[in-house]
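Student: I should like to learn how to read a protein–DNA interface and a helix packing in a model. Could we work through one case together?

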There are 2 protein chains.
Amino acid sequence: MSSLVHTLPRMSLRHAVLGLLATEPSTGYDLARKFEASLANAWHAGHSQIYPELAKLEEAGMVEVVGEGARRSRTYGITDAGRGELRRWLLETEPNRSQRNETAVRWFLVALLEPADRRVVLERELEHAEAYEAMLRETAERIDAAGGHAFRPTVDLGLRTTAVMRDWLREQLDA
Amino acid sequence: MSSLVHTLPRMSLRHAVLGLLATEPSTGYDLARKFEASLANAWHAGHSQIYPELAKLEEAGMVEVVGEGARRSRTYGITDAGRGELRRWLLETEPNRSQRNETAVRWFLVALLEPADRRVVLERELEHAEAYEAMLRETAERIDAAGGHAFRPTVDLGLRTTAVMRDWLREQLDA
DNA sequence: TAACGCATGTAATACGTTACATGATTCT
DNA sequence: AGAATCATGTAACGTATTACATGCGTTA
């Protein structure tokens, strides 16, 4: 296990995968959908990244096949070693603060456009923000109806930041 | 110019570069620092990406050398074609909403930790959020003292979202 | 039985990061 | 003179996206 730092460098994908598997065992296909659903505003990964990553994590002993189902599907679960690595990463590694968010780039550059063009862009963004907010609200309601969930506070954070953005866009349009 | 879609695919780096040059002519070195300063919460790029990108943009006629200075430095400016491409991108292309934000991944996964471990992570994040907020506040004050700037609203958006995050972290620590 | 969604994989290409490499100017 | 900072570039490697490819199971 001394080669850990070498086999698992500084990628977040593997820790995102470990985290999702820590919540609940899943197939690669499930994970791909969860990246869209829960982690869409944090990280993105398609199945062509996920399957090889699961293979590497299995080889490193951090995940294991806990069940096989229809259509030759394999359900993976996290191992104790995987949980340990996840904890180590969260507690002991320096967070990489660099982001890539194309929407933020657009919101930044929109200041350079002429008023008419700016309106067009801001309106599209507002529409998207409102739709996203509605989706988050539904998620929150579903969780509350089900009696809560560990990730409920994270959904709330999303709702608050989205509200800030929605208001900002409206102000920019009014100005 | 019909090969535009082919020579300039779907990368945001080039549009971020075009945007920064639309604000003000700069050297590659300047651009690298501006990515840290103004675009840190949106996109990241080191000089080893920027210099080749400037060369490609120059070849495509979207930027041009507008001055040469000491230490064989070249200052680039945006051309009309570059401005056109920037406008086209902002108005006519579908935004790529996928993000990669390691901090967001960590904030999501922190829910899986035991309370003591969670505290450690949240405290570190709060410290960072407060420092970042202070930095943004200084930026805002500098802009206001200088009589305003097109990007002032963007700084304000950053301040508001950071405030939301700071409050959320405090709540999580109090809970 | 055809269409659709579940499920998994690889190959080619594009993009991004780190390390390597060099040289000019300014400041102490 | 030496250190720090400005300034530019390339090479090697790692990561991510897109396209290609296949097959199972369910539903209409």
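The dialogue below takes up the contacts with the DNA and then a pair of helices.

Tutor: Please keep in mind that this is a predicted model.

Student: Which residues come nearest to DNA strand C?

Tutor: A residue is counted as near when one of its heavy atoms lies within 4 Å of the strand. Here 21 residues surround DNA strand C, and A:Y29, A:Y51, A:R74, B:S48 and B:Q49 come nearest. Of the strand's atoms within 4 Å of the protein, 64% belong to sugar and phosphate.

Student: Which polar side chains or backbone atoms approach a phosphate oxygen, and which a base oxygen?

Tutor: A polar side-chain atom of B:Q49 is 2.5 Å from a phosphate oxygen of DNA strand C, and a backbone N or O atom of A:G28 is 3.3 Å from a phosphate oxygen of that strand. The side chain of B:S48, in turn, places an N or O atom 2.7 Å from a base oxygen.

Student: Which element supplies the largest share of the surface near DNA strand C?

Tutor: That is α4(A), with three residues. By class, this surface holds six nonpolar, eight polar and seven charged residues.

Student: How is α2 of chain A placed against α4(A)?

Tutor: Two packed helices are described by the angle and the distance between their axes. The axes of α2 (residues 13-23) of chain A and α4(A) come within 10 Å and cross at roughly 80°, so α2(A) is roughly perpendicular to α4(A). Residues in the contact include A:V17 and A:L21 of α2(A) and A:L54 and A:L57 of α4(A). The contact residues comprise six nonpolar, one polar and three charged.

Terms used: Residues are numbered from 1 along each chain as its sequence is written. Chains are lettered from A and ligands numbered from 1 in the order in which they are written. This is a predicted model: local features need pLDDT of at least 70, side-chain atom pairs count only at pLDDT 80 or more; totals for chains, interfaces and linings use all residues. Side-chain values use heavy atoms; hydrogens and water are left out. A polar contact is a pair of N or O atoms within 3.5 Å; within protein, one must be able to donate a hydrogen and the other to accept it, and residues adjacent in sequence count only if both atoms are side-chain atoms. Helices (H or I, at least four residues) and strands (E, at least two) are DSSP runs, numbered from the N terminus. Ala, Val, Leu, Ile, Met, Phe, Trp, Tyr, Cys and Pro count as nonpolar, Asp, Glu, Lys and Arg as charged, and the others, Gly among them, as polar. Axes are lines fitted to C-alpha atoms, for helices over the stretch in contact, and angles run from 0 to 180 degrees between N-to-C directions. Angles under 35 degrees count as roughly parallel, over 145 as roughly antiparallel, 65 to 115 as roughly perpendicular and the rest as oblique. Contact means heavy atoms within 4.5 Å.
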